[in-house]
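Work through the two exercises below with the sequence and the model side by side. Try each task yourself before you read its solution.

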Amino acid sequence: MVMHKKSDLNLPKPIFKVSEVDVRVPTVTQSAIISGMRVKNMDEATATLSRLGVLNRINQIMPYFKGNRKALFDTLLNAYMHTDVFQNEVDRSMGDYIVSCLRQQRIDLKRRGGAIVNTLAPLTAVNDSIICQKGWDDRRPIKAVVYSTSHNDLVGVAEQLYTSFDESNIAEMMQGKISSMAYELGRFRHGKKEGKFCPICNGWNEFTGQKLLGCHKTLLEVEDSDGNIFLIEQERIHRAVSRNEYQTHYNQPWMPKNGQAVDTARMGQDVSLTRYGVSVRHWRVNDVLCINGQNEHPLLQSRWSQQQWRSYGSDQCSWNMQRDGYEGRDNYFGPIPNRNEDLNYKQLFVKLRKWQRCGTFHSRPNWNQRRNRMEGYYSGPTLEDVEISAQKEDTFILLLDASLATGLDLSFVTHIFLLEPIDDAALLEQVVSRAHRLGCQGPVIVDTIHTWPKLDPTTEAVAKQLKSASC
């Protein structure tokens, strides 16, 4: 075996950056800290700690109120910085910084003519990264790794990234089985995903190394004002019906009765009722929804005709549904019923009954020993009859937990964001070597993010004045 040093291989040197990100302390918190330096008794001191959310550290902080208060400001600020509230702000600020960096890098790459997969840096990059940056038209696809030794910090930053980018843009290697992690790394490297489209609902089912047996796409069983019960996709949901809208139109013949309006408080702060269909956690039985009732939806696959469904067992399905009082698992993805066959309703009001996977609704006939009866009905094509296919996707971020980073080949990566400094030189070399290795086509930018609390100038001036007065 022949061993080589990296310097012998003429690999482009990594570019190290240290970025400082300000995390603004809320004005209310700054005011509480300043007020804490002026308290006159222990009751006021306790109230200050409660406002800061650090009442659990009262035994450590209380001596600073009783003695010389010169260090009280720093103590209160430091205590607040260790709260979950401030850590959430840190995660948000780091996420915003990463988002702005990547967006700018992708804009710059587009201006240079777009990405080219095989583009080698000149040998001058080995000795002078500045020359490489100025004299080399780097058109490698932007591929960024967000690395952390803290799982909680990585999850916090991930939440911010998901609010700014699409799910298809992000791959995760934070936890899970080896097969799932290998799949995520493949998505990140090759920019494609493998899976199957369901022949029934056209839902995408990703292949992660395990056999795909049934469609995992969630379908909703709803009921209209005429008592018709049918299945819809999440994409058909326009919005949830608010309390005011439901009360105003309750007596209209097209509004379902005995339903419940959706309280905006359930959706969470700053979440519109139009986002109801995005997440299952918003759903409740009997919720009243406004949906697209067109059979020929412009963005969805056309549904099979009623005649075709009869050949696949829809009559047996209807019998099963009546037998179970419409509380069982069976239903079928047939045409949406309309009051008038000549109309397609762009807005249809329905009541949510239940939801489950497409494969559960459309199950094969089977004998249920516990109930001593036949269940299921479907005899048409299923996911098992479909070949695996590949779909392109723009995946340019990898969330990487330190515990899973050993031995990875990330030679195609252009950026590594470190969420915390790595003081151990050997560990830093190991992390950087995931990308700075044989096969890399250009320098990797290693960006270590430092966060600092940001105070208003007036707060700093008042704190300095109070510190001087306490001397």
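A polar contact is a pair of N or O atoms within 3.5 Å, where, within protein, one must be able to donate a hydrogen and the other to accept it, and residues adjacent in sequence count only if both atoms are side-chain atoms. The model is predicted, so local features need pLDDT of at least 70 and side-chain atom pairs count only at pLDDT 80 or more, while totals for chains, interfaces and linings use all residues. Residues are numbered from 1 along each chain as its sequence is written, and side-chain values use heavy atoms, with hydrogens and water left out.

**Exercise 1.** Describe the surroundings of Lys257, beginning with where Lys257 is found.

*Solution.* Step one: Lys257 is found in the loop between helix 9 (243-248) and helix 10 (264-267), helices being DSSP runs (H or I) of at least four residues, numbered from the N terminus.
Step two: leaving aside residues up to four places away in sequence, Lys257 touches Tyr246, Tyr250, Gln252 and Lys351, a contact meaning heavy atoms within 4.5 Å.
Step three: a polar atom of the Lys257 side chain lies 3.1 Å from the backbone oxygen of Gln252.

**Exercise 2.** Determine which strands stand at the edges of the open sheet.

*Solution.* Step one: 3 strands form the open sheet in the order 5-4-13, with antiparallel pairing; strands are DSSP runs (E) of at least two residues, and two of them pair if DSSP finds at least two bridges between them.
Step two: strand 5 (204-206) and strand 13 (389-392) each have a single partner strand, so one side of each is left without a neighbour in the sheet.
Step three: strand 4 (residues 192-197) pairs with strand 13 over 4 bridges, and Gly195 has Ser389 in strand 13 as its bridge partner.
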